[in-house]
Amino acid sequence: MRDDMRTAAPDRDDNIEKLRELAKGLHVAMLTTQGEDGRLLSRPLGVAEIEFDGDLWFATGLDSEKVREIEANPQVNVAFASKDNGTYISISGRGSIVRDRAEIERRWKPGMGVYFKDGKDDPNVCLIRVEAQSAEYWDGPGTLAGKALHFLMTAVTKDPGALSDNQRINLQ
């Protein structure tokens, strides 16, 4: 394993705080599930909440294919990317479907109403909860000047990890 791909110390609270900071302002994620034929399927979803005590929340329709996929195989991946900030996050975890109306009410955002004709009271609304088990992130320079410096440092040092941070972290 390369030096820049080290595994972080097992301090769960610090790891969660780091992911919370990196994910600020990232509102769309790619959720990957496994289809019944074994293929991996990814689709964009708006994040209902990055509560990040280790859980991610998404609103979806009970009649969606991803609900059936998660119920059949709860192992999922959630990926975030911000080219502007130079931040990329991949979170592996266990997905579950939450039908509890109080939980839906608690996590509802007005923009979600676009997808559900009766808003939060639509009987088709449910939540996907992803309990994060592990994550990897890449945090690099986001500004044009930072990217130019990163490119220069990489060329000079032959180290693509110069001026960036890459960590694999355990969240269990």
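A pocket is here an open set of grid points, on a 1 Å grid over the protein atoms alone, with protein on both sides within 12 Å along at least five of seven lines. In this predicted model, the largest pocket holds about 310 Å³ of space. Its lining is made up of 14 residues, and those closest to the centre are Gly 46, Ala 59, Gly 111, Met 112 and Tyr 115. Sorted by class, the lining has seven nonpolar residues, six polar ones and one charged one. Two strands, E3 (40-49) and E4 (55-61), each contribute at least two residues to this lining. Of the elements, E3 gives the most, with four residues.

It helps to set this pocket within the chain as a whole. The protein contains four helices and eight strands, and from the N terminus on these follow the order β-α-β-β-β-α-β-β-α-β-α-β. Contacts between parts of the chain distant in sequence are well represented: among contacts with a separation of 6 or more, 66% join residues 24 or more positions apart. Of the 172 residues, 40% count as buried. The protein exposes about 9700 Å², and carbon and sulfur atoms supply 54% of that area.

Strand E2 offers a closer view of one residue. Met 30 sits in this strand, which spans residues 28-34. Is Met 30 buried, exposed or partly exposed? With a relative accessible area of 35%, Met 30 is partly exposed, because that value lies between the 20% limit for buried residues and the 50% limit for exposed ones. Once neighbours within four places in sequence are set aside, the contacts of Met 30 fall to two stretches of the chain: Ser 42, Arg 43 and Pro 44, together with Asn 77, Val 78 and Ala 79. Ser 42, Arg 43 and Pro 44 carry numbers within the range of strand E3 (40-49). Gly 46, one of the residues closest to the centre of the largest pocket, lies 16 residues along the chain from Met 30, and the C-alpha atoms of the two are separated by 8.8 Å.

Helix H2, covering residues 65-72, shows how burial can be arranged around a helix. Its buried residues are Lys 66, Val 67, Glu 69 and Ile 70. Viewed down the axis of H2, these buried residues fall within an arc of 165°, so they line one face of the helix. Two residues with charged side chains, Lys 66 and Glu 69, are thus among the buried residues of H2, alongside the nonpolar Val 67 and Ile 70.

Terms used
Residues numbered from 1 in each chain as written. Predicted model: local features only at pLDDT ≥ 70, side-chain atom pairs only at ≥ 80, totals over all residues. Heavy atoms only, no water. 1 Å grid on protein atoms, 1.4 Å probe; cavity = no way out; pocket = protein on both sides within 12 Å on 5 of 7 lines; lining within 4 Å. Points joined across faces, edges and corners; volume = space filled by probe spheres on them. Buried < 20%, exposed > 50% of the residue type's maximum accessible area, 1.4 Å probe, protein only. Contact = heavy atoms within 4.5 Å. Areas by Shrake-Rupley, 256 points an atom, 1.4 Å probe, with all protein chains shown as cover. Arc of directions from axis to C-beta.
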